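Student: Could you take me through one part of this model in detail? I'd like a close look at a single helix and what surrounds it.

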Amino acid sequence: MSERVERVDEHDRVVGVVDRDDAVRNGWFHRVAATVCRDTRGRYLVYRRADGITRFPGHHDVCVGGAVAVGESYAAAAVRELREELGIDVPVRPVCVFLCRGELTSYWLAVYEAVFDGEVRADPREIAWHGWLTPEELTEAIASWPFVSDGQIVFRRYLDAGRPQDSPQ
C-alpha cells in the first residue's frame, strides 16, 4: 500500500482520503508540494532520481517534492520533503498553487522556493546525483538530459512568477 493522501475536487477542497497509487491510477485530484532550490549565487539545485524508484527513475529534476499527507499543509509537506530527500531543514517561500495537468495524472500543486548555501545530504534511495547549476548550465542540461516533465512545468511556473527580490541580479 502506498501513502494515504487527501482526495480533493477541482477547487482543491477535500472530499476524502485515498491511497496515492489509487489517486494516480484513477485520475483523482490530490495534493503535491514541490520546491525549487537555489543558492545565494543564483545557481539551481538539480538532481538525478535513483534508478530504483517507481516514478521517472534515472531522470533529472529541478524541484524536490511529493504528495501532501493527510492533514498536512502544502508548506509542511514542502519542508518535510526537503528534509527527507535532501537532508536539509530550511524555510520555504510560497510561489504559486495551480491545478497541474501532469504526465501521469492531474493534481493540485503548490510550488515553493528554498534559498540556502548549506550542505546537501541527499538520500541515496531517492537521489543518485546532485549539483548546483547556473541558469545557463541548467538550460543546456534541460536540452540534453532526460528531465521529469512535471518538474519542467513547476520550473516554468516558478520562472513565470518572477525572481524574488533577494535574487542576485
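Tutor: Happy to. A yardstick comes first: the expected span of a helix is 1.5 Å times one less than its number of residues. This is a predicted model, and the part to look at is helix H2, residues 74–86. H2 has 13 residues and reaches 18 Å from its first C-alpha to its last, close to the 18 Å expected. Just after H2, Gly-87 takes a positive phi of about 70 degrees.

Now for the side that faces inward. The buried residues of H2 are Tyr-74, Ala-77, Ala-78, Val-79, Arg-80, Glu-81, Leu-82, Glu-85 and Leu-86. In general, an α-helix has 3.6 residues a turn, so residues three or four places apart point the same way. The buried residues of H2 pack against several strands, including E3 (31–38), E4 (44–49), E7 (93–101) and E8 (106–115).

That packing leads us to the core. The largest nonpolar core has 24 residues, and Leu-82 and Leu-86 are among those with the most contacts inside it, as are Cys-37, Val-92, Ala-114 and Phe-116. E3, E4, H2 and E8 each give two or more residues to this core, and H2 gives the most, with six residues. Apart from it lies another core, of 21 residues, among them Val-36, Tyr-44, Val-46 and Ala-141.

Ala-114 is a good place to finish. Leaving aside its neighbours within four places in sequence, Ala-114 is in contact with Leu-82 and also with Thr-35, Val-36, Cys-37, Arg-38, Val-90, Pro-91 and Val-92.

Conventions:
Residues are numbered from 1 along each chain as its sequence is written. This is a predicted model: local features need pLDDT of at least 70, side-chain atom pairs count only at pLDDT 80 or more; totals for chains, interfaces and linings use all residues. Side-chain values use heavy atoms; hydrogens and water are left out. Helices (H or I, at least four residues) and strands (E, at least two) are DSSP runs, numbered from the N terminus. Buried means under 20% relative accessible area, exposed over 50%, partly exposed in between (1.4 Å probe, protein chains only). Contact means heavy atoms within 4.5 Å. A nonpolar core is a set of buried Ala, Val, Leu, Ile, Met, Phe, Trp, Tyr and Cys residues joined through side-chain atoms within 4.5 Å.
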